[in-house]
Structures are given as structure tokens and as C-alpha cells.
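Please read this briefing alongside the sequence and the model. It moves from overall shape to helices and then to charge pairs.

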Amino acid sequence: MSDPISAVFNLSPAEKLQLIGELWDDLSAAPENIPFPHWQKEELNRRKARIEKHPESALTWEEIVRRIRERHGR
């Protein structure tokens with residue numbers, strides 16, 4: 001019998017998307033259990049401190065969307 005991870009590659013695209021959704025739901029139910037490197041926490045803290053010190057530098061959601069659309073032509 002093949003291992004379960006290798007079997008994932010034999011799924012149809014629709015089945016893979018369904019599996020992704022189910023895995024995401026499972027992970028998001030307990031985000032505190034998701035490991036991440038210490039450098040990521042340091043980077044988040046650095047960015048938060050910068051925004052708190054210079055709130056005028058923050059972009060609105062609309063500005064973010066506009067920039068993405070300009071960059072990617074959508």
C-alpha cells in the first residue's frame with residue numbers, strides 16, 4: 001500500500017482543492033498550534049512597531065488593491 005501523502009498526487013484537481021479546504025479548516029481551528037520560525041515573529045513585531053510609530057505610512061485596503069491591480073494588470 002502506498003503512503004497517504006503520495007496518494008494525494010493521484011487525486012483529481014477538484015479532490016485536491018477539497019482536501020486543501022479541509023486541511024485549512026483543520027489548521028485554522030487551532031492557529032496557536034501552528035509552528036513558525038522565531039524570525040517571523042520578530043519581523044511581525046518590527047512591522048507593528050513601525051506602523052505604531054508612523055501610522056501615516058500604513059496603506060488602506062483600497063490602496064493595497066489598487067497597487068496590486070496596477071502591478072498585475074487587473
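What follows is a short account of fold, surface, helices and salt bridges.

This is a predicted model; local features need pLDDT of at least 70, side-chain atom pairs count only at pLDDT 80 or more, and totals for chains, interfaces and linings use all residues. Residues are numbered from 1 along each chain as its sequence is written, and side-chain values use heavy atoms, with hydrogens and water left out. The protein has four helices and zero strands. Its radius of gyration is 19 Å, against near 11 Å for a compact globule of 74 residues.

**Fold and dimensions**
- The order of elements from the N terminus is α-α-α-α.
- Helices (H or I, at least four residues) and strands (E, at least two) are DSSP runs, numbered from the N terminus.
- The C-alpha trace spans about 55 × 35 × 20 Å along its principal axes.
- The radius of gyration is taken over C-alpha atoms, and the globule rule is 2.2 Å times the number of residues to the power 0.38.

**Surface**
- Of the 74 residues, 0% are buried.
- Buried means under 20% relative accessible area, exposed means over 50%, and partly exposed lies in between (1.4 Å probe, protein chains only).
- The protein exposes about 7,200 Å², and carbon and sulfur atoms supply 60% of that area.
- Accessible areas come from the Shrake-Rupley method with a 1.4 Å probe; for residues, only the protein chains shown count as cover.

**Helices α2 and α4**
- Helix α2 covers residues 13-28, which is 16 residues.
- From first to last C-alpha, α2 reaches 22 Å, close to the 22 Å expected at 1.5 Å a residue.
- The expected span of a helix is 1.5 Å times one less than its number of residues.
- Zero of the 16 residues of α2 are buried, so this helix lies largely in the open.
- The twelve residues of α4 should span 16 Å at 1.5 Å a residue, and the 17 Å between its end C-alpha atoms agrees.
- Helix α4 is hardly covered, with zero buried residues among its twelve.
- Glycine 73, just after α4, takes a positive phi of about 65°.

**Charge**
- There are 12 positive and 13 negative side chains, and the centres of the two sets lie 10 Å apart.
- Lys and Arg count as positive and Asp and Glu as negative; His and the chain ends are not counted.
- The place of a charge is taken as NZ of Lys, CZ of Arg, CG of Asp or CD of Glu.

**Salt bridges**
- The structure holds five salt bridges.
- A salt bridge is a side-chain nitrogen of Lys or Arg within 4 Å of a carboxyl oxygen of Asp or Glu.
- Side chains of opposite charge can pair when their charged atoms come close.
- Glutamate 43 bridges to arginine 47, with the closest N and O atoms 2.7 Å apart.
- These two residues are four residues apart in helix α3 (residues 38-53), so about one helical turn separates them.
- Glutamate 43 is partly exposed at 23% relative accessible area, and arginine 47 is partly exposed at 45%.

**The α4 network**
- Glu63, Arg66, Arg67 and Glu70 are linked in a network of salt bridges.
- Glutamate 63 pairs with arginine 67, the closest N and O atoms being 3.1 Å apart.
- Glutamate 63 and arginine 67 are four residues apart in α4 (residues 61-72), so about one helical turn lies between them.
- Arginine 66 meets glutamate 70 in a salt bridge (2.2 Å, N to O).
- Arginine 66 and glutamate 70 also lie four residues apart in α4, about one turn of the helix.
- Arginine 67 is partly exposed at 40% relative accessible area, and arginine 66 is partly exposed at 36%.
- Glutamate 70 is exposed, at 56%.
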